[in-house]
Amino acid sequence: MALIHQFEAIRPRELKPALLELDGISRASVEAHHRLYVGYVNKRNEILERLAGADAGAANQVYSDLRALKVDLTFAIGGIKNHELYFEHLGGTGGEPDGLVAQLLARDFGSAAAWREDLRATGMAARGWAWTAYDWDERRLFNYLGDAQNTFPVWNATPLVALDVYEHAYFLDYQTDRASYIDAFFANLDWSVVNDWAQRYRIPTT
Ligand SMILES: [Fe+2]
């Protein structure tokens with residue numbers, strides 16, 4: 001018994017030119033990082049194509065083709081979503097947020113500085129990612145931690161900042177000095193992109 005899956009292959013996004021000229025994160029590091037992202041896109045397409053031919057009648061929680069494909073599909077899709085956020089909101093000049101995001105950070109963390117320190121600590125404590133996300137049920141921002149591409153923190157939350165702390169993000173430039181890489185991440189954030197997302201998602205200020 002085969003499953004019926006309809007899907008369209010997707011293509012990786014190109015790197016914005018500004019990503020090749022970051023302050024403190026080298027072009028070589030960004031280009032290598034982007035190649036990993038392209039790999040997630042290719043594997044997402046490959047897995048969905050193979051799922052179309054997987055035997056649903058043989059599905060088994062110990063081992064089955066269906067299980068293997070579905071488990072790793074989440075890793076591939078997580079890798080795509082996380083990196084598209086990451087690359088999209090870098091290329092700016094960091095500094096202090098303004099507009100809607102400044103209001104939201106002040107409301108939920110007390111200040112942008114307090115948010116930054118909390119995200120920095122979350123990133124130091126993570127093995128994969130730290131995200132600032134708006135939880136639509138709790139109606140507030142929170143800095144969540146995920147140890148892998150597919151360890152999403154909670155359902156019904158919308159990420160606005162995605163800090164990649166996998167070693168591939170910084171080892172070329174900083175070896176094991178993750179803290180300095182996190183400083184560079186903040187210094188290259190593009191707040192206008194984050195504000196666009198917050199407005200598009202209509203994150204409420206009340
Ligand atoms: Fe990454």
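The following questions and answers work through the metal site, a helix pair and the salt bridges of this predicted model.

User: Which protein residues are the donors of the iron ion?

Analyst: In sequence the donor residues follow the spacing H-x49-H-x80-D-x3-H. Their donor atoms lie 1.9 to 2.1 Å from the iron ion, with NE2 serving for each histidine and OD for the aspartate. The protein donors are therefore His33, His83, Asp164 and His168.

User: Why is the arrangement of the four donor atoms around the iron ion tetrahedral or irregular?

Analyst: Four donors count as tetrahedral if all angles lie between 85 and 135 degrees. The angles subtended by the four donor atoms here run from 87 to 139°, and because the upper end of that range falls outside the tetrahedral limits, the arrangement is classed as irregular.

User: Is Asp164 buried or exposed?

Analyst: Asp164 provides an OD donor atom to the iron ion, and its relative accessibility is 0%. Another donor residue, His168, has a relative accessibility of 28% and so counts as partly exposed. Since the cut-off for burial is under 20%, Asp164 counts as buried.

User: At what angle do helix H1 and helix H2 pack?

Analyst: Helix H1 covers residues 27-51 and helix H2 covers residues 65-88, and their axes are 8 Å apart. H1 passes H2 in a left-handed crossing, and the residues of this contact divide into 16 nonpolar, four polar and six charged. The two helices pack at an angle of about 145°.

User: What is the N to O distance in the salt bridge of Glu31 and Arg27?

Analyst: Both residues lie in helix H1, where they are four residues apart, or about one turn of the helix. Glu31, at 28% relative accessibility, counts as partly exposed, and Arg27, at 46%, also counts as partly exposed. Their side chains meet in a salt bridge with an N to O distance of 3.0 Å.

User: Where does Arg116, the salt-bridge partner of Glu96, lie?

Analyst: The side chains of Glu96 and Arg116 meet in a salt bridge at 3.2 Å, N to O. The pair links distant parts of the chain, 20 residues apart, with Glu96 in the loop between H2 and helix H3 (99-109). Glu96 is exposed, with a relative accessible area of 54%, whereas Arg116 is buried at 15%. Arg116 lies in helix H4, residues 112-125.

User: How many residues apart in sequence are the parts tied together by Arg120 and Asp183?

Analyst: The side chains of Arg120 and Asp183 meet in a salt bridge with an N to O distance of 2.3 Å. Arg120 lies in helix H4 and Asp183 in helix H6 (residues 178-187), so the pair ties together parts whose separation in sequence is 63 residues.

User: Which residues are joined into one network by salt bridges that share partners?

Analyst: A salt bridge here requires a side-chain nitrogen of Lys or Arg within 4 Å of a carboxyl oxygen of Asp or Glu, and by this rule the count comes to eight salt bridges. Salt bridges that share partners form one network, whose members are Lys43, Glu46 and Arg50.

User: What distance separates the C-alpha atoms of Asp183 and Leu100?

Analyst: Asp183 lies in helix H6 and is partly exposed, with a relative accessible area of 39%. Asp183 and Leu100 are 83 residues apart along the chain, and the distance between their C-alpha atoms is 23 Å.

Terms used:
Residues numbered from 1 in each chain as written. Predicted model: local features only at pLDDT ≥ 70, side-chain atom pairs only at ≥ 80, totals over all residues. Heavy atoms only, no water. Donors = N, O, S within 2.8 Å, 3.2 Å for Na, K, Ca; no water. Tetrahedral: all angles 85-135°; square planar, octahedral: opposite > 155°, others 65-115°. Buried < 20%, exposed > 50% of the residue type's maximum accessible area, 1.4 Å probe, protein only. Axes fitted to C-alpha atoms, helices over the stretch in contact; angles between N-to-C directions. Left-handed = near helix turned anticlockwise from the far one by under 90°. Nonpolar A, V, L, I, M, F, W, Y, C, P; charged D, E, K, R; others polar.
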